[in-house]
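This report walks through selected features of one protein model, from its sheets to its helices and cores. Please keep the sequence and the structure in view while reading.

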Amino acid sequence: MRDESGDLAVVANASRAADRAADLIANALIAAAGARGRADWVTTGGSTPAGIYDRLAAPPQADRIPWGDIHVWWGDDRYVLPDDPRSNVRPLVEHLLAVGVPLPSANVHPFRGLPSGETDPGIDAAAAATAADLRAARLDENVGVPIVDLVLLGVGPDGHILSVFPGSPALTSPSLAMAIPAPTHVEPHVARVTLNPAIVAAARAVVAVVTGAGKASVLADILGSSIDPARWPAQLARRPGTTWIMDAAAAGLRRADAGGVATDAAAVSDLWLTTFRATYSFPPAHPDDTVRSWLAAEIEAPTRETWLAVGPGAAIVGLMILGPATVEQLYVHPDQQGRGIGSRLMSLARDRRPDGLELYTFEVNERARAFYRRRGFNEIAFGDGSANEERQPDVRMAWRPPDGQRAEDARRERDARPAMEIDAG
């Protein structure tokens, strides 16, 4: 999905998120180096980059990237010794440089002036030195802010990016780099040095990676309808050119079998029946008990993946059932529509079925048809209703990835037509 907040990519797990991020980073660096003779990348620390670095350090990525043209900077760092486990530079050293990636040492630009073990020049001096280094690179600027080719971001549990915490003076500072006192509300509780968050707005591309169920609540706020960067600084990355990569847990999604089939089947059935009746003027084709039995069988079917969107109080507010190459069901509770749940489910569907998807919806459901069209589906056939159980005119829709983006695995065998129709909710 693409909008003014950027592209949304939901994947099944953190490993897949690292795969996707490494692909985007490699492509961005290659393109920038080809266009300008160098690529400037502002990276991050914390828990986000290690898995990404591992993928960049291995074929095929390591062989594609022109490392001699790449310059690496950091968006922030902790005011610690370079070999300290809390150092943001250490993951790159251990996962890229130490394994032989030919990134020239002269192209690696950590915050200059951090304590060396022999001297401690002071945190303000470290910020000033790094600002001077970045200015000396003579990059293009946007309103006085250097334009880097790529910024990689993690998102903190409070919605911070870089070391720009909620309410931070960095949000209004004119300085390119600045010292940040040790935060008391998140670990590690050490002083930081950070670039001005304006570096995010000025960058040619941004990749924000968010994983884990612990980030689901704050991510929902960051990508929600309320805009307040002082409260959620990560909203500064809500801009064209940002790709938000999140695993299912961070997106508030989980597999149905993770919560117990019997419990999930009852909640899924309630959701399906409630949404169907709120959407259509005609009733389901079968009695409620039959619908419930059918959905329970769908959840347990070995050829199906059932994904659930979890709302407040762990309530199930969205449902998607995938076949080998079809979206069998997609429903969002009427009270939860318009909050991006369907978009997250559909993004996950395209990642899980990268070679293409097909689905059916009722012709009368123009809202669902528009939802799918905005997400790349084309209407390829119309039926008069004689082939479905509800006897309602329907539409067959298909999504195919762009040429060059198809998965390497062979096209999956198409499923037979689903017995009951689907709705976007």
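Helix H5 (residues 123–136) lies across S10 and S11, running at about 160° to S10. Here helices (H or I, at least four residues) and strands (E, at least two) are DSSP runs, numbered from the N terminus, while axes are lines fitted to C-alpha atoms, for helices over the stretch in contact, with angles that run from 0 to 180 degrees between N-to-C directions. Contact means heavy atoms within 4.5 Å.

The model is predicted, so that local features need pLDDT of at least 70 and side-chain atom pairs count only at pLDDT 80 or more, whereas totals for chains, interfaces and linings use all residues. Residues are numbered from 1 along each chain as its sequence is written, and side-chain values use heavy atoms, with hydrogens and water left out.

**Two open sheets**

The sheet beneath this description of H5 has 3 strands in the order S5-S11-S10, is open, and is paired in the antiparallel sense; two strands pair if DSSP finds at least two bridges between them. Strand S5 (76–78) and strand S10 (177–180) are the edge strands, and because each has a single partner strand, one side of each is left without a neighbour in the sheet. Within this sheet, Arg-78 stands opposite Arg-192 in S11.

Another open sheet has 4 strands in the order S14-S15-S16-S17, again with antiparallel pairing. Its edges are strand S14 (253–255) and strand S17 (327–332), each with a single partner strand, so one side of each lacks a neighbour in the sheet. Leu-253 stands opposite Ala-309 in S15. Helix H10 (residues 341–352) lies across S14, S15, strand S16 (316–322) and S17, and runs at about 25° to S16.

The table lists one strand pairing from each sheet.

| Strand pair | Residues of second strand | Sense | Bridges |
|---|---|---|---|
| S5 and S11 | residues 192–195 | antiparallel | 3 bridges |
| S14 and S15 | residues 305–310 | antiparallel | 3 bridges |

**Helix H1 and the cores**

Helix H1 (residues 14–36) has 23 residues and spans 32 Å from its first C-alpha to its last, close to the 33 Å expected at 1.5 Å a residue, where the expected span is 1.5 Å times one less than the number of residues. Asn-13 caps its N-terminal end, with a side-chain oxygen 3.3 Å from the backbone nitrogen of Ser-15, and just after H1, Gly-37 takes a positive phi of about 85°. Among the buried residues of H1 are Ile-25 and Leu-29; buried means under 20% relative accessible area, exposed over 50%, and partly exposed in between (1.4 Å probe, protein chains only).

A nonpolar core is a set of buried Ala, Val, Leu, Ile, Met, Phe, Trp, Tyr and Cys residues joined through side-chain atoms within 4.5 Å. The largest one has 105 residues, of which Trp-41 and Leu-56 touch the most other members, and its largest share, 8 residues, comes from H1. Not counting residues up to four places away in sequence, Trp-41 touches several residues, including Ile-25, Leu-29 and Leu-56. A second, separate core of 19 residues includes Ala-256, Val-268, Leu-271 and Tyr-331.

**Arg-277**

Arg-277 lies in helix H8 (residues 261–279) and is partly exposed, with a relative accessible area of 46%. Not counting residues up to four places away in sequence, Arg-277 touches Pro-284 and Asp-288.

Definitions and conventions:
Polar contact = N/O pair within 3.5 Å; in protein donor to acceptor, adjacent residues only side chain to side chain.
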